[in-house]
Amino acid sequence: MQKSTLNKMLFSSAIIAGVVAVAPQEADAALGDRTLKQGMSHSDVTELQNVLKEKGFFTYGTSTGYFGTYTRDAVRAYQKENNLAVDGIAGPQTLGSLKGKSVSAPNSSNASNGGNSAPASNTSLMRIGSQGSNVTALQDKLRSLGFFNQSSTGYYGTVTRDAIRNYQKANGLQVDGIAGPQTQSALNGNSSTSAPSKPSESKPVSTNTTLRIGNQGGQVTDLQKQLRSLGYLNENATGYFGEATRSAVREFQRTNGLQVDGIAGPQTLSKLNNNPAPVNKNQSSNNQNTNNNNNSSNPSNSSGLVSGLVSSANSAIGVPYAWGGTSMSGFDCSGLIQYIFRQNGVSVPRTAAEQWNAGTSVSSPSVGDIVFFETYKSGPSHNGIYIGNNKFIHAGSSGGVAVADLNNSYWNPRYLGAKRLH
């Protein structure tokens, strides 16, 4: 009786074990069995990143298994290249295309004429995360044309991406912020709408128009030439109304007693056309007053940097927390701050305490300043970048990189102060 019972138990166990062995495990599911989107962590995401890397779209150093902004942008770029719906989600269509025959990222000139080989820089696609001598050469070229106003770093961050976007807009190219074959070919062929050698030939802009961020065309070019001739704009005229132009307009409005909104409306344009005050009239005294702001002598560059810092911070939202992390695979609080500044060509110390000591104290934070908190130990032990409206972006141990509120019941009593690191 006991032997019969034992045999039955063994037989039942064998059947259960067989079912478990045969049942597909979620972790073993092949790429294509599920839709992958931002925020997911899974081995399928690792496989997706590997496939995108092979095709030249995922340029981050290692596959992380986390579907963050880098993976989303890589999926979008692949979808755009392969005429798929561009939503940044790896659904059945996208995954099917990736696993089958599809157009991969161009790694060489598509020209069939072998006699006209492209320069070496044309053979590699450059986008956010790319780095090396090709990126340095790209930045040098953009700077010579007036689209890149910082030192070349060899790292393709948000500042380089925005410079490429502005160049693409000014030259009638597809605006995606990626230095692909078309964009590089235009750059190497000097197909640029950079400022002509005689800015004095600009004509007044009609006062019946309003120009603001995002506008482009001949009227923007004329506006930029006028601002440049008066000393408010330190860049070449590109025909695109970006952050630098808005900062120049704001400074012009401030100097000439107009409403300061960064929009070139009828009042601002009328003043530009009729006895405007040049920048040196009021700015010379400001330049001597170096205690006010380390970057006051170049408001356009300062505004452009702040915009770049906030853009870099936003691009990291959703990245998981990792103690000691300094990359898009994971951040701790000060690692995020160091990464944000590094992407914009600024070197800052590694830890929150060191960043606190390196910064200049401000009575209240402005956009781009770093806010500090006292959490698990005395002194500055946590920080984030201020983005306005009492909000800051930080890497929290519970939710990764996210937006938080200074007035939050947790952060408010732990707030130490704000420092400026630029």
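Let's start with helix α9, residues 243-255, in this predicted model. Which of its residues are buried? Ala244, Thr245, Ser247, Ala248 and Val249 are. So are Glu251, Phe252, Gln253 and Thr255. The helix has 13 residues. From first C-alpha to last, α9 reaches 18 Å, close to the 18 Å expected at 1.5 Å a residue. After α9 comes Gly257, with a positive phi near 70°.

Now the cores. The largest nonpolar core has 57 residues. Which of them have the most contacts inside it? Leu48, Leu52, Leu142 and Phe331. Take Leu142. Set aside its neighbours within four places in sequence, and Leu142 is in contact with Phe147, Phe148, Thr160, Ala163, Ile164, Tyr167 and Leu187. Apart from that largest core lies another, of 17 residues. Phe252 from α9 is among them. Leu211, Leu233 and Leu269 are also in that core.

Next, the strands. Look at β5, residues 382-388. Why call β5 largely enclosed by the rest of the structure? Because six of its seven residues are buried.

β5 has a partner in β4, residues 370-373. Four bridges join these two strands, and they run antiparallel. One pair to find on screen: Phe372 has Asn383 in β5 as its bridge partner.

β5 also pairs with β6, residues 391-396. That pairing is antiparallel too, over three bridges. Here, Ile385 has Ile393 in β6 as its bridge partner. How many residues sit between the strands in the hairpin of β5 and β6? Two. In this hairpin, Asn389 takes a positive phi, near 55°.

Methods:
Residues numbered from 1 in each chain as written. Predicted model: local features only at pLDDT ≥ 70, side-chain atom pairs only at ≥ 80, totals over all residues. Heavy atoms only, no water. Buried < 20%, exposed > 50% of the residue type's maximum accessible area, 1.4 Å probe, protein only. Pairing = 2+ DSSP bridges. Expected span 1.5 Å × (residues − 1). Core = buried A, V, L, I, M, F, W, Y, C linked by side-chain atoms within 4.5 Å. Contact = heavy atoms within 4.5 Å.
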